[in-house]
Amino acid sequence: MTPEAYAPSPTRRRTYWQTLFTLAVLAAAGWLAHRHWPVLASGAGRLAVADHGWLLVAATAVTATWACSAIAQQGAVPRALPAGRLVAAQFAASAANHVLPAGVGASAVTLRFLMRCGLPAGRSATALAVKATAGAVVRGALIAVLALACPGVLRLPPGSAGRVALVLAVLLAVLLAVARRWPRCRRAAAAVLADVRAVHARPRRAVALWGGSLAFAGLHAVALIAVTQAVALPLPPARVALLYLAASSAAALLPTPGGFGSLDAALGLALTAAGAPAAAAASAVLGYRLLTVWLPLIPGLLVLAVLVRRRTL
């Protein structure tokens, strides 16, 4: 075989770099956890004696997010999908998303499900893009509305100009990379726009897409608000919702599985910067992540295995 046959493909090289970056972020998160272990231990103790009623509210909100995700995904597809299997697929996708980097797991599970339902690969991929676009628009709109309702919350801390410049440089690099592949990106964007028009030609599908996306983001914010109430964190609910949406949007820029490390750090820093005690912020983050990641993880993976065995995926 020729030497070129042994050369890693661009996809494999990208996977290598993404994996290395994920490991680096997780290592940094582990170092931060070790450095701030007394605060984390205090937060865990505070969570253990939290108000169980508020924790039940948070758990209910988290459970409802999977149904909202299914509704939004149905809204992004013109044809009707089997409702029960769609909800199960979204639950399994959330578990897979906590194992693979940057939404790869959730996208792969949902893509496979849509193809099993009879959609071509291209239309399945654009359905995922339509749902992701609606989710991003809804999240941006919520941040804008809450920022007006809570002025001064999203101010930059002193000395953050360098970090902002770094983020802008990364975004510029991404835009340049997209520009190099402009014809392919233009074709993909045209396909997504065509599907958006098809969805909005059916008002019920459009309501499902936007309503499900709004409810999904809102219920995650409600879950964190309920956890903050359970641990008596002294911040108004609207401010907590704004901090969650901003921190989770920023953490999405780092391709770690399920936002491990990136979301935890961003959310903890946002809460403490807004005036919450460190121990209370740590307990709120621990409680939110326990309900959204650790408790559903094993059941979600079991549902994923059942769906694969039944050839639903």
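Trainee: In this predicted model, is Asp 264 buried, exposed or partly exposed?
Mentor: The relative accessible area of Asp 264 is 26%. Buried requires under 20% and exposed over 50%. Asp 264 therefore falls between the two cut-offs and counts as partly exposed.

Trainee: Which side chain meets that of Asp 264 in a salt bridge, and is this partner buried or exposed?
Mentor: The N to O distance in the salt bridge is 3.0 Å, and the structure holds one such bridge. The partner has 6% relative accessibility and counts as buried. The residue is Arg 289.

Trainee: How many residues apart in sequence are the parts that this pair ties together?
Mentor: Asp 264 belongs to helix H12, residues 262–273. Arg 289 belongs to helix H13, residues 278–309. The salt bridge therefore ties together parts separated in sequence by 25 residues.

Trainee: Within what arc do the buried residues of H6 fall?
Mentor: Helix H6 covers residues 104–116 and spans 18 Å from first to last C-alpha, close to the 18 Å expected. Its buried residues are Gly 105, Ala 106, Val 109, Thr 110, Phe 113 and Leu 114. Seen down the helix axis, they line one face, because they fall within an arc of 155 degrees.

Trainee: Which helices do the buried residues of H6 pack against?
Mentor: One of them is H13, the helix that also holds Arg 289. The full set is H4 (52–75), H5 (83–97), H7 (121–149) and H13.

Trainee: Which residue just after H6 takes a positive phi?
Mentor: H6 itself comprises residues 104–116. The phi in question is about 105 degrees, and the residue is Gly 118.

Technical notes: Residues numbered from 1 in each chain as written. Predicted model: local features only at pLDDT ≥ 70, side-chain atom pairs only at ≥ 80, totals over all residues. Heavy atoms only, no water. Salt bridge = Lys/Arg side-chain N within 4 Å of Asp/Glu carboxyl O. Helix = DSSP H or I, 4+ residues; strand = E, 2+ residues; numbered from the N terminus. Buried < 20%, exposed > 50% of the residue type's maximum accessible area, 1.4 Å probe, protein only. Expected span 1.5 Å × (residues − 1). Arc of directions from axis to C-beta. Contact = heavy atoms within 4.5 Å.
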